[in-house]
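Thanks, everyone. Let me put the model on the screen and walk through it.

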Amino acid sequence: MTGGAFVLAINLSVGGLFGLAFLAIAVYDRARIAARWFALAYGLGMLNFLLEFLIPLLPGLRVGSYLAFALALGAFVVGLARLYGARAPWRLLAGLLVAALALWPVVDGMARDSLVRLVLYQAPYAAIQAVGAVIVWRRGPSLLLDRLLGVLNALAAAHYLAKPFIARATGGVGASPETYVDTAYVLFSQSTGTILGVAMALALLVILMRNLLADMTVQSRTDKLSGLLNRRGFEEMRDRAMPRSAASGLPVSLVLCDLDRFKDINDTYGHAAGDQVIRFFAQLLRSAVAEHHIAGRIGGEEFAMLLPGANLAAARIMAEGIRTAFATAAVPGIPEEAQLTASFGVAEAGQDESAESLFRRADRALYQAKRAGRDRVHPSFAPHSGKSEAASA
């Protein structure tokens with residue numbers, strides 16, 4: 001086996017391994033659509049290497065090898081678009097693939113070592129890879145790994161443009177398709193292509209795993225029914241936000257909410273109706289809070305809002321707005337006679353007060369709102385305020 005044939009065999013194996021790796025991710029998480037396209041891309045790349053390996057035996061496979069690699073690059077670009085939430089450039093890719101197919105009779109009829117032929121042969125590859133680089137740079141986050149992927153795509157595009165000149169410098173691509181694998185050029189071309197392909201595949205695998213872990217973390221902190229933070233997620237965010245507010249000297253308030261007589265809603269109208277009420281109330285919270293506020297569902301019908309930058313008066317006004325909106329809203333699937341209401345306890349953190357102490361005060365205020373007849377907002381004043389909670393009722 002010649003050196004060129006040996007490198008092609010290595011590329012065939014590498015393409016297959018990476019294709020299986022991306023396929024495994026796609027099977028594990030069906031939402032990773034990008035992984036499916038990357039698996040297809042490396043699978044088509046493997047087909048390209050196989051066809052190039054067989055060209056000395058069957059010269060007619062040249063066009064198949066040429067198109068297989070163009071399709072592999074196209075699938076790779078679609079995968080990049082899916083990865084970064086961009087619209088796949090279907091028309092552009094289709095145009096480039098049609099151009100590549102149209103160029104083939106011209107390319108195949110020219111002298112093998114003609115510089116023009118070599119440039120025309122590599123131009124579609126360079127153009128498709130450049131599209132991938134643009135997608136990453138435009139839509140990818142400004143993180144080192146994503147920027148590295150963009151650089152690798154740009155280097156791959158430049159690599160295809162440089163190949164014709166490298167072929168001339170290394171003695172050409174062979175007098176015939178049968179002698180291609182015996183040339184010095186094939187060693188350089190396939191080796192550098194492998195390095196870039198492996199580097200991009202490794203970067204993509206790390207990015208996919210990073211995104212997968214990030215999504216798993218979000219899911220572990222999110223309540224599926226309401227879409228708000230669950231208790232764990234709320235407490236983690238709260239414990240980070242309160243020290244920041246204290247350090248900046250800004251007030252921070254906690255609002256606890258409880259849906260009144262929620263068990264009766266489930267018993268009377270069914271759990272599906274109860275779920276609809278939960279989702280509706282969660283949407284009210286989302287529409288009321290600012291970007292730097294934190295909202296969560298911390299129990300069955302219990303909700304919480306941490307409001308950095310809001311004092312007791314501001315938090316009380318926000319709670320009153322949500323209470324009124326909920327009491328007067330028409331919830332789909334719930335008859336008007338259901339009379340949906342919620343009770344609220346509001347507390348502003350005192351100086352050096354712990355999160356647990358703030359929660360206890362807001363919870364006591366919520367309990368007092370319930371005892372006072374429900375459908376109301378009850379504040380809790382900090383001990384140093386000089387006001388009693390009974391006086392605020």
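K263 is exposed, and so is D267. This is a predicted model, so keep that in mind throughout. The two side chains form a salt bridge, with the closest N and O atoms 2.8 Å apart. How far apart are K263 and D267 in helix 9? Being four residues apart, they are separated by about one helical turn. An α-helix has 3.6 residues a turn, so residues three or four places apart point the same way.

Other salt bridges share partners. D29, R32 and D215 are joined into one network that way. The full count comes to 14 salt bridges.

Now a buried example. R297 pairs with D223, and the closest N and O atoms are 3.2 Å apart. This one links distant parts of the chain. R297 sits in strand 2, residues 294-297. D223 sits in the loop between helix 7 (184-221) and helix 8. They are 74 residues apart. Both R297 and D223 are buried.

Next, D260 and K370. Their salt bridge has its closest N and O atoms 2.7 Å apart. D260 lies in the loop between strand 1 and helix 9 (262-269), and K370 lies in helix 12, so the pair ties together parts that are 110 residues apart in sequence. Is D260 buried or exposed? Buried, with a relative accessible area of 5%.

Stay in that loop for a moment. R261 is found there too, between strand 1 and helix 9. Its phi is positive, about 50°, although R261 is not a glycine. Most residues other than glycine have a negative phi. At a relative accessible area of 49%, R261 is partly exposed.

K370 takes us to helix 12. The helix covers residues 355-371, 17 residues in total. What span should it have at 1.5 Å a residue? The expected value is 24 Å, and the end C-alpha atoms are 24 Å apart, which agrees.

K370 is one of the buried residues of helix 12. Others on that list include L358, F359, R361, L366 and A369. And what covers them? The cover includes helix 8 (231-248) and strand 1 (252-259). It also includes strand 3 (302-308), strand 4 (342-348) and strand 5 (377-380).

Look just past the helix end. G373 takes a positive phi of about 125° just after helix 12. R374 has a positive phi as well, about 70°, although R374 is not a glycine. R374 is in the loop between helix 12 and strand 5. Its relative accessibility is 29%, so R374 counts as partly exposed.

One spatial pair before the aromatics. T324 and T341 are 17 residues apart in sequence, and their C-alpha atoms are 8.5 Å apart in space. T324 is in helix 11, residues 312-328. At 36% relative accessibility, T324 counts as partly exposed.

On to the aromatics. How many aromatic pairs does a search of the whole structure find? It finds 17. Take F18 and Y42. Their ring centres are 5.8 Å apart and their planes are at 55°, so the pair is tilted. F18 is in helix 1 (residues 3-28) and Y42 is in helix 2 (residues 33-54), 24 residues apart. F18 and Y42 are both buried.

Y42 has another partner, F76. Here the ring centres are 6.4 Å apart and the planes are at 65°, so this pair is edge-to-face. Y42 lies in helix 2 and F76 in helix 3 (residues 62-83), so the pair ties together parts 34 residues apart in sequence. Y42 has 11% relative accessibility and counts as buried. F76 counts as buried too, at 5%.

There is also an aromatic cluster. Y66, F69, W104, Y121, Y125 and Y160 form it.

Last stop, the surface. W137, L148, V151 and L155 form a nonpolar patch there. Together they have about 350 Å² of accessible area. Which helix gives the largest share? Helix 6, residues 144-169, with three residues. W137 lies in helix 5, residues 115-139. At 40% relative accessibility, W137 counts as partly exposed.

That's the tour. Questions, please.

How values were computed:
Residues numbered from 1 in each chain as written. Predicted model: local features only at pLDDT ≥ 70, side-chain atom pairs only at ≥ 80, totals over all residues. Heavy atoms only, no water. Patch = residues over 30% accessible without salt bridge, like charges linked within 9 Å, V, L, I, M, F, W, Y side chains within 5 Å. Areas by Shrake-Rupley, 256 points an atom, 1.4 Å probe, with all protein chains shown as cover. Salt bridge = Lys/Arg side-chain N within 4 Å of Asp/Glu carboxyl O. Helix = DSSP H or I, 4+ residues; strand = E, 2+ residues; numbered from the N terminus. Buried < 20%, exposed > 50% of the residue type's maximum accessible area, 1.4 Å probe, protein only. Expected span 1.5 Å × (residues − 1). Contact = heavy atoms within 4.5 Å. Phe/Tyr/Trp six-rings, centres within 6.5 Å; stacked < 30°, edge-to-face > 60°.
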